Amino acid sequence: MEIRLSVGYDEYEEGVRMSSLIEKLASSPDGEKLSILTIGDWGQAYENSPDSFLETLISHKDSFPNLTKLFIGDMGFEECEVSWINQTNLSPLLEAFPNLKSLSIKGSQELSLQPLVHEKLEELVVICGGLPRSVLEEITSARLPELRKLELYLGVEDYGFDGGIEDVLPLLQGDLFPKLKYLGLKDSEIQDEIAIAIADAQVLDQLDTLDLSYGTLTDEGGEALLASNRIRKLKHLDLSYHYMSDEMLLRWEQSGLSVNVTDQQETDEDDWRYPFLTE
């Protein structure tokens, strides 16, 4: 069973709280059947963090014995801009739910995943306008032996990305997550640097899918990927939303690879390139 909980602006003003919704769910027959829980806006997320309901969710962990998939922060821009969403240290959720297989997070302000340890987690997704270096370091020092999918929106400096290519490089080691099959390093303002670095990275030997979509990829990064023998062994390469030229797109079309190069972008009048998701 899948359930989504959300507190709208007017509801919050009237006194509705996410913690009370969780308590109601925990006391209902649906709690035991619940396998997927999505938490949207918990009420003015631009001011309030998940701390307002996290303890309640954890205290009722035994009411959700079949929970395997959790999404914290599933909200659109009309509820809260992604760069405004307040987060917190969400690692206590991993300890509370040992059977969790998927954790998705939206928003990176004050986000922490320390310690990032889980024996069964297969999927980790972080959607944000800018991923702090501290979170990248927590991920690269994580112990997630069953991780199959890692999807990170890296974003831009103005909205929280305070790292550089040197902070991304540890993710390209082949032995970091031995069972990893999908790696998404998306929505980045340094997409060319990432493409060049990953073109001959050891991690490609274990992947089925590499996702470098939503970023500022140009012909420079595309050239490095096209020249890579390791890239050619992938089952799929996602480069959608990019700034590559028509000539480069033709070369990809003729490459014989399974590659998505849709949603070609143009630079603005100041020759500036923007990732897909920032504010």
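**View 1. An aromatic cluster ties five rings together.** Rings of Phe, Tyr and Trp (its six-membered ring) pair if their centres lie within 6.5 Å. On that basis, ring pairs link Y153, Y214, Y241, Y243 and F276 into a cluster in this predicted model. The structure as a whole holds seven aromatic pairs. In one of them, Y241 meets F276 edge-to-face, with 5.6 Å from centre to centre and 80° between the planes. This pair links distant parts of the chain, since its members are 35 residues apart. Y241 sits in the loop between β9 (236-238) and α10 (246-253), and F276 in the segment after β10. The two partners are not equally covered. Y241 has 9% relative accessibility; buried means under 20%, so Y241 counts as buried. F276 has a relative accessible area of 45% and is therefore partly exposed.

**View 2. W272 and Y274 form an edge-to-face pair.** Their ring centres lie 6.5 Å apart, and the planes meet at 65°. How accessible is Y274? At 42% relative accessibility, Y274 counts as partly exposed.

**View 3. Two charged side chains sit over tyrosine rings.** The charged end of R17 sits over the ring of Y12, at 3.8 Å from the ring centre. K149 lies over the face of Y182, and here the distance to the ring centre is 4.8 Å. K149 has a second role in the picture: K149, in β6, is the bridge partner of E123.

**View 4. Ten strands form an open parallel sheet.** The 10 strands follow the order β1-β2-β3-β4-β5-β6-β7-β8-β9-β10. Their pairing is parallel. Which strands stand at the edges? They are β1 (2-5) and β10 (259-260). Each has a single partner strand, so one side of each is left without a neighbour in the sheet. Strands of a sheet pair through backbone hydrogen bonds, either parallel or antiparallel.

**View 5. Strand β4 is largely enclosed by the rest of the structure.** β4 spans residues 102-106, and five of its five residues are buried. In a regular strand the side chains alternate between the two faces of the sheet. Both faces of β4 are covered. S102, S104 and K106 are buried on one side, and L103 and I105 on the other. The burial therefore takes in a lysine, K106, along with L103 and I105.

**View 6. β4 has β3 and β5 as parallel partners.** With β3 (residues 69-72), β4 pairs over four bridges. There, K69 stands opposite S102. With β5, the pairing runs over five bridges. On this side, I105 of β4 stands opposite V126. What lies between β3 and β4 in their β-α-β unit? Helix α5 (residues 91-96) does, and the unit is right-handed. Beyond β5 comes β6 in the strand order. β5 and β6 run parallel and are joined by four bridges.

**View 7. Helix α6 packs through its buried residues.** α6 covers residues 133-140, and V135, L136, E138 and I139 are buried in it. These residues cover an arc of only 160° around the axis, which puts them on the same side of α6. What do they pack against? Their neighbours are β5 (123-127), β6 (149-155) and α7 (165-168). The buried set includes a glutamate, E138.

**View 8. Loops hold three backbone exceptions.** Most residues other than glycine have a negative phi, and most peptide bonds are trans. The peptide bond from Q114 to P115 is cis, with omega near 0°. P115 lies in the loop between β4 and β5. Q44 is not a glycine, yet its phi is positive, at about 55°. Where is Q44 placed? Q44 belongs to the loop between β2 (36-39) and α4 (51-59). With 9% relative accessibility, Q44 counts as buried. Y241 also has a positive phi, about 60°, although it is not a glycine. The loop that holds Y241 runs between β9 and α10. Y241 also belongs to the ring cluster of the opening view.

Definitions and conventions. Residues are numbered from 1 along each chain as its sequence is written. This is a predicted model: local features need pLDDT of at least 70, side-chain atom pairs count only at pLDDT 80 or more; totals for chains, interfaces and linings use all residues. Side-chain values use heavy atoms; hydrogens and water are left out. Buried means under 20% relative accessible area, exposed over 50%, partly exposed in between (1.4 Å probe, protein chains only). Helices (H or I, at least four residues) and strands (E, at least two) are DSSP runs, numbered from the N terminus. The arc is that of the directions from the helix axis to the C-beta atoms. Contact means heavy atoms within 4.5 Å. Two strands pair if DSSP finds at least two bridges between them. A crossover is right-handed if, with the strands pointing away from the viewer, the path from the first strand over the helix to the second runs clockwise. Rings of Phe, Tyr and Trp (its six-membered ring) pair if their centres lie within 6.5 Å; planes under 30 degrees apart count as stacked, over 60 as edge-to-face and the rest as tilted. A charge sits over a ring if NZ of Lys or CZ of Arg is within 6 Å of the ring centre and within 35 degrees of the ring normal.
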